[in-house]
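Hi,

Here is the structure I promised to send over. Please have a look at it first, and then read on for what I found in it.

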Amino acid sequence: MTTHEAVQIIPERYRTAVVPHIMVADAAAALSFYGQAFGAVEEFRLPGPEGGVMHAEIRVGGAVLMLGDTSEGPFVAPTALGGTSVALHVFVPDVDALARTAVAAGAELVQEPADQFHGDRTVILRDPFGHLWVFLTHLEDLSEEELGRRLSEA
């Protein structure tokens, strides 16, 4: 994979986005996994009255993510629902390296890393807590016309 210096690794329109707040059955284990698998940096953690994690924030690449234990509120984890309808998209400098590290840490590879028609290289992973992650490395900026042309060819 080559990096084009003129292309921004994280497109400007994705620099500020909705901050996801995910819930898991074991937030302490999730925080550890996300650190190992995705290089997440824990910003802070608030313990819950039941001994779990009421609220924590991590940074994955440039993205902020909030998370907590399902036992600390009225929330349900994807594993209790049999899946999720949400995928978390994060731009990273090297999607292939992240995929290797994540799979070694226990993530399930749902879709191999591959260059996509939209100008990004992507991988889809499922973490052990039921969340789907789409990691992307931006390769090229495309006009709407070029994007449309490539979509019709895909």
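Strand 3 and strand 4 form a hairpin with 2 residues between them, and Gly61 in that turn has a positive phi of about 60°. Helices (H or I, at least four residues) and strands (E, at least two) are DSSP runs here, numbered from the N terminus. This is a predicted model, so local features need pLDDT of at least 70 and side-chain atom pairs count only at pLDDT 80 or more, while totals for chains, interfaces and linings use all residues. Residues are numbered from 1 along each chain as its sequence is written, and side-chain values use heavy atoms, with hydrogens and water left out.

Back to the hairpin. Strand 3 (residues 53-60) and strand 4 run antiparallel and are joined by 5 bridges; two strands count as paired if DSSP finds at least two bridges between them. Ile58 has Leu65 as its bridge partner in strand 4, and Glu57 stands opposite Met66. On strand 3, 6 of the 8 residues are buried (under 20% relative accessible area; exposed is over 50%, partly exposed in between, with a 1.4 Å probe and protein chains only), so this strand is largely enclosed by the rest of the structure.

Strand 2 also forms a hairpin with strand 3, this one with 5 residues between the strands, and Gly51 there takes a positive phi near 95°. The two strands run antiparallel over 6 bridges, and Phe44 has Glu57 as its bridge partner in strand 3.

How do these strands fit together? The 4 strands form an open sheet in the order 1-4-3-2, with mixed pairing. Strand 1 and strand 2 (41-47) stand at the edges with a single partner strand each, so one side of each has no neighbour in the sheet. Neighbouring strands are turned by 20° against each other on average, direction ignored. For these angles, axes are lines fitted to C-alpha atoms (for helices over the stretch in contact), and values run from 0 to 180 degrees between N-to-C directions. The parallel part is strand 1 with strand 4, joined by 4 bridges, where Ile22 has Leu67 as its bridge partner in strand 4. Helix 1 (residues 27-38) lies across strand 1, strand 2, strand 3 and strand 4, and runs at about 5° to strand 3.

Just after strand 4, have a look at Thr70, which lies in the loop between strand 4 (63-69) and helix 2 (78-81). Is Thr70 buried or exposed? Thr70 is buried, because its relative accessible area is 18%. Not counting residues up to four places away in sequence, Thr70 touches Met23, Val24, Ala25, Phe75, Val76 and Ala77, where contact means heavy atoms within 4.5 Å.

There is another sheet to look at. Here 4 strands form an open sheet in the order 5-8-7-6, again with mixed pairing. Its edge strands are strand 5 (87-91) and strand 6, each of which pairs on one side only. Neighbouring strands of this sheet are turned by 15° against each other on average, direction ignored. Helix 3 (residues 95-105) packs on the sheet, touching strand 6, strand 7 and strand 8, and its direction makes about 10° with that of strand 7. Strand 7 (residues 120-126) and strand 8 (residues 132-138) pair in the antiparallel sense over 7 bridges, with Arg121 opposite Thr137 in strand 8.

In strand 6 (residues 108-115) you will find Leu109, which counts as partly exposed because its relative accessibility is 33%. Leaving aside neighbours within four places in sequence, Leu109 is in contact with Val103, Val123, Ile124 and Leu125. Leu109 and Ile124 are 15 residues apart in sequence and 6.4 Å apart in space, C-alpha to C-alpha.

Last, a pocket. The second largest pocket has a volume of about 170 Å³. Of the 14 residues that line it, Ile22, Pro78, Thr84, Val86 and His131 are the closest to its centre. Strand 1 (21-24) and helix 2 are the elements that give two or more residues to the lining, and strand 1 gives the most, with 3 residues. The lining of this pocket divides into 10 nonpolar residues, 4 polar and no charged.For the terms used there: on a 1 Å grid over the protein atoms alone, a pocket is an open set of points where a 1.4 Å probe fits, with protein on both sides within 12 Å along at least five of seven lines, and lining residues have an atom within 4 Å of a point. Grid points are joined across faces, edges and corners, and a volume is the space filled by probe spheres set on the points. Ala, Val, Leu, Ile, Met, Phe, Trp, Tyr, Cys and Pro count as nonpolar, Asp, Glu, Lys and Arg as charged, and the others, Gly among them, as polar.

Best wishes
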